[in-house]
Amino acid sequence: MAFEGLADRLQNTIQKIKGKGKVTEQDVKEMTREVRLALLEADVNFKVVKDFIKNIKERAVGQEVMESLTPGQQVIKIVKEELTALMGGEESRIAAADRPPTVIMMVGLQGAGKTTTTGKLANLLRKKYNRKPLLVAADVYRPAAIDQLETLGKQLDMPVYSAGTDANPVDIANEALEKAKEEHLDYVLIDTAGRLHIDGDLMDELIQIKNNVSPDEIFLVVDAMTGQDAVNVAESFNEQLDVSGVVLTKLDGDTRGGAALSIKAVTDKPIKFAGMGEKLDQLEVFHPERMASRILGMGDVLSLIEKAQDNVDEKRAKELEEKMRSASFTFDDFLEQMGQVRNMGPLEDLLDMIPGANKMKGLKNVEFDEKQIAHVEAIIQSMTAQERQDPSLLNASRRKRIARGSGRSVSEVNRLIKQFDEMKKMMKQMTNMQQGKKGKKGKK
Ligand code: GDP
């Protein structure tokens, strides 16, 4: 998970102050010292840490806390508010031009995830906002970049504008804009060239494109895993191009979080989106408050609900619930339900969104073994359609065949079938109990 170390340390620190009926200056001093260390260890910019601690200190020893009935809670509220402000306060919206198409220029160093993010953003614009984007391949120096964008376009079934490697990037951008107007597409996402390092030629080219197409947004794509380097890159790009927002990629692999916590303060440009994986649907709107809440172990129920709404078909979920109640739930249904939960992302991440879940005994150190889930899926997939509908068919020889087919042991197959039976029994009992209760009420 992103921010793992920081979250652990901050949560320990605030735990100590949480229940205090009186918070002394000494308490605040101790707490801020620990918070300071935690932030530095998370690779947050030194100056940013200094200002952050100063703000917390000022507020925590002020009247706001002293006059409160729950000073401990009050201090935590301050930490959360300051952490939220540090990451940008409100979440920022994506521009929409009065007269479409809205033009977005994607810039960043090679390998930061620019091309992937262009595809992800197009996907999000269509899925969430019902928009029609055009992808534009303006990185003419790396032939593979054009192919990569075209492949993404095919995957997404979206138009891509490219003109080979001989064309001039400024012309490509202008022509793409014309095409979008003609075809009534409402977003133009320009994937520009990247370099390994910032250099004058690259900047000149980007400035030229900017002056020609007057983009509504310039998104700078930076790799969170590069920590403070990402912040330095952001600063240079911003100086030259005055970007409108940052997309922080690979936050899924960034256990420290230094870039996420420093970029807004250093560049004064908001993080608009965060890349949470390689897949095309793994781009999230960056919500500073929700992120602060997750870091402090307070969960993020809103994101959890949104994820469920995006990935779970409500009608199907109701049907499955009904099936469970009537004990007609089959292995096919089980597989489907597991798929829906899996679509929501890694289980560990989901757990972080449940308030207090990380403090629950036993849950804190549970390592969710995604492999285990894949094994269960393999076993069910090795059953015939008939067997999945009617598990009573599963005699010893069939179980052996399934074990062979899925590459798992017979005892694993047996265990799964037993668990499934028990789950069904339990559902039945619960339904009976509920019906019993209803029955009694009815007689009154
Ligand atoms: P570009 O040179 O900036 O266009 O970078 P690419 O789009 O080609 O991405 C470089 C690598 O980073 C690819 O292997 C991507 O799959 C990977 N990548 C991009 N975004 C993410 C992300 O949010 N998480 C993870 N884990 N990998 C990412």
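Student: What makes Asn232 partly exposed?

Tutor: Asn232 has 17 C-beta neighbours inside 10 Å. A residue is buried if 20 or more other C-beta atoms, placed from the backbone, lie within 10 Å of its own, exposed if 12 or fewer, and partly exposed in between. The count of 17 therefore puts Asn232 in the partly exposed class.

Student: How do you know where Asn232 lies and what separates it from Ile263?

Tutor: Asn232 belongs to helix H10 (residues 228–241). The C-alpha atoms of Asn232 and Ile263 are separated by 8.8 Å, with the two residues 31 apart along the chain. This is a predicted model, in which local features need pLDDT of at least 70 and side-chain atom pairs count only at pLDDT 80 or more, while totals for chains, interfaces and linings use all residues. Numbering starts from 1 along each chain as its sequence is written.

Student: What makes a stretch a helix or a strand, and how many are there of each in the chain?

Tutor: Helices (H or I, at least four residues) and strands (E, at least two) are DSSP runs, numbered from the N terminus. On that basis the chain has 20 helices and eight strands.

Student: How do you know which strands are at the edges of the sheet?

Tutor: The sheet is open, with mixed pairing and eight strands in the order E3-E2-E4-E1-E5-E6-E7-E8. Strand E3 (160–161) and strand E8 (283–285) each have a single partner strand, so one side of each has no neighbour in the sheet.

Student: Why do E7 and E8 count as paired?

Tutor: Two strands pair if DSSP finds at least two bridges between them. Three bridges join strand E7 (residues 271–275) to E8, so the condition is met. E7 and E8 run antiparallel, and Phe273 stands opposite Val285 in E8.

Student: What packs on the sheet?

Tutor: Helix H7 (residues 143–156) touches strand E2 (133–137), E3 and strand E4 (187–191), and its direction makes about 160 degrees with that of E2. Helix H9 (residues 200–213) touches strand E1 (102–107), E4 and strand E5 (217–223), at about 175 degrees to E1. Contact here requires C-beta atoms, placed from the backbone, within 7 Å. Axes are lines fitted to C-alpha atoms, for helices over the stretch in contact, and angles run from 0 to 180 degrees between N-to-C directions.

Student: Why is strand E6 called largely enclosed?

Tutor: Five of the five residues of strand E6 (residues 245–249) are buried, so the rest of the structure largely encloses this strand. Gly245, Val247 and Thr249 cover one side, Val246 and Leu248 the other, and all are buried. E5 and E6 pair in the parallel sense over five bridges, with Phe219 opposite Gly245.

Student: What makes Asn130 and Ser214 notable in phi?

Tutor: Most residues other than glycine have a negative phi, and most peptide bonds are trans. Asn130 has a positive phi of about 60 degrees, and phi of Ser214 is near 40 degrees, also positive. Asn130 is in the loop between H6 and E2, and Ser214 in the loop between H9 and E5.

Student: Are these two residues buried or exposed?

Tutor: Asn130 has 8 other C-beta atoms within 10 Å, so it is exposed. Ser214 has 10 such neighbours and therefore counts as exposed too.

Student: Where is there a cis peptide bond?

Tutor: The cis bond joins Pro100 and Pro101, with omega about 5 degrees. Pro101 is in the loop between helix H5 (71–86) and E1.

Student: Which residues surround the ligand, and how are they classed?

Tutor: The shell holds 17 residues, the closest being Gly113, Lys114, Thr115, Thr116 and Gly275. A residue is near a molecule if its C-beta atom, placed from the backbone, lies within 6 Å of it. Helix H6 (residues 114–129) gives the most to the shell, with three residues. The shell divides into two nonpolar, 11 polar and four charged residues. Ala, Val, Leu, Ile, Met, Phe, Trp, Tyr, Cys and Pro count as nonpolar, Asp, Glu, Lys and Arg as charged, and the others, Gly among them, as polar.

How values were computed: Contact = placed C-beta atoms within 7 Å.
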